[in-house]
Amino acid sequence: MFRRERPIPLRGSAAPLCNNLSVLQVPSRNLTHFGVVHGPSAQLLSAAPEGVPLAQRQLHAKEGAGVSPPLITQVHWCVLPFRVLLVLTSHRGIQMYESDGSVMVYWHALDSGDASPVQAVFARGIASSGRFICVGTWSGRVLVFDIPVKGPNIVLSEELAGHQTSVTDIATEPAQGQDCMADVVTADNSGLLCVWRSGPKFKLVTQIPGFGVPCPSVQLWHGTVAAGYGDGQVRLYEAGTGTLHVQISAHARAICALDLAPEVGKLLSAAEDTFVHIWKLSRSPESGCTEVEHCHGECVPDTQVCGARFCDPSGSSFAVTGYDLAEILRFSSV
């Protein structure tokens, strides 16, 4: 069971974008950072465990060429082995900051040369793997940035060409030694999933075909891909082979966010039907297949949910954002 905690006030509503919430826990300082996008700005908030907001910062998209301020599409903290960077994507480019948003260390402008005049140009989908940060784009290409231990000498090391439509989300998990077949998964607007093995040169392991609906959110856990789709389904695949293990009719409307609590194998799904569900993933000792158990369902009435994240690795608390809702809702287990 989960109970509703004190919400964290926002300066304005979250934008109606999928995956519109990022959470970074800082155990050493007993703080949790939250990031939410609205229009041309992103709000960063720090809160104590009881939900008292301690600090707020607003970041704006770099203008670049153009007359109107660019819209931000996503904000996400990337936890690398040696540093934490805050990555912000927009219709103009990709901005990387120190974790508190105080200093911008890198700017990458999007090249719209191969886009048609009526095609929207944007970056979306952010994740880190080892020393790399991967960012998806409107064209379907995934940009791979090589991050130094410190300083601003970030390099675009590779562009991955596995998708024909806009990238929607990217997920990673730490590589489990040399036998790890796959540690990065990318999703797109057609529902196609590409599974990669990271390294100095990324290798495409397999492609999992879509079935006519977008895949707005994806996660990776112990070699299992969890994908949430526009028809409300959650599907679990074997990352190395693309084999479908489980298909769940989880929601009545499009899924807008998935998240994982890696320590316990809990999967969170949130959708436009106002529900947030928590599922327990496990591996069958006999067959080796992934099994799923429903743990909790929470209704957020009269709210267009657009972001949801666990607030700790054990999955004992989670947060939710919604369009036209000027606060971050918090829930914790009892």
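Colleague: Is Glu98 buried, partly exposed or exposed?
Modeller: In this predicted model, Glu98 counts as partly exposed, at 28% relative accessibility.

Colleague: Which residue does the side chain of Glu98 meet in a salt bridge?
Modeller: The partner is Arg83, with an N to O distance of 3.4 Å. Arg83 lies in the loop between strand E7 (72-79) and strand E8 (84-90), whereas Glu98 belongs to strand E9 (residues 93-98), so this salt bridge ties together parts that are 15 residues apart in sequence.

Colleague: And Arg83, buried or exposed?
Modeller: Arg83 counts as buried, because its relative accessibility is 10% and the cut-off for buried is under 20%.

Colleague: How many salt bridges are there by this rule?
Modeller: The count comes to seven. One of them joins Asp146 to Arg131, with the closest N and O atoms 2.9 Å apart.

Colleague: Where do Asp146 and Arg131 lie?
Modeller: Asp146 is in strand E13 (residues 142-146), and Arg131 is in the loop between strand E11 (123-129) and strand E12 (132-137), so the pair ties together parts that are 15 residues apart in sequence. Arg131 is partly exposed, at 37% relative accessible area.

Colleague: Turning to Arg253, which side chain does it meet in a salt bridge?
Modeller: Arg253 meets Glu272, at 3.9 Å from N to O. This pair links distant parts of the chain, 19 residues apart: Arg253 sits in the loop between strand E22 (244-249) and strand E23 (255-261), and Glu272 in the loop between strand E24 (266-271) and strand E25 (275-283).

Colleague: What is the relative accessible area of Arg253?
Modeller: The value is 48%, and Arg253 is partly exposed. Glu272 also counts as partly exposed, at 29% relative accessibility.

Definitions and conventions: Residues numbered from 1 in each chain as written. Predicted model: local features only at pLDDT ≥ 70, side-chain atom pairs only at ≥ 80, totals over all residues. Heavy atoms only, no water. Salt bridge = Lys/Arg side-chain N within 4 Å of Asp/Glu carboxyl O. Helix = DSSP H or I, 4+ residues; strand = E, 2+ residues; numbered from the N terminus. Buried < 20%, exposed > 50% of the residue type's maximum accessible area, 1.4 Å probe, protein only.
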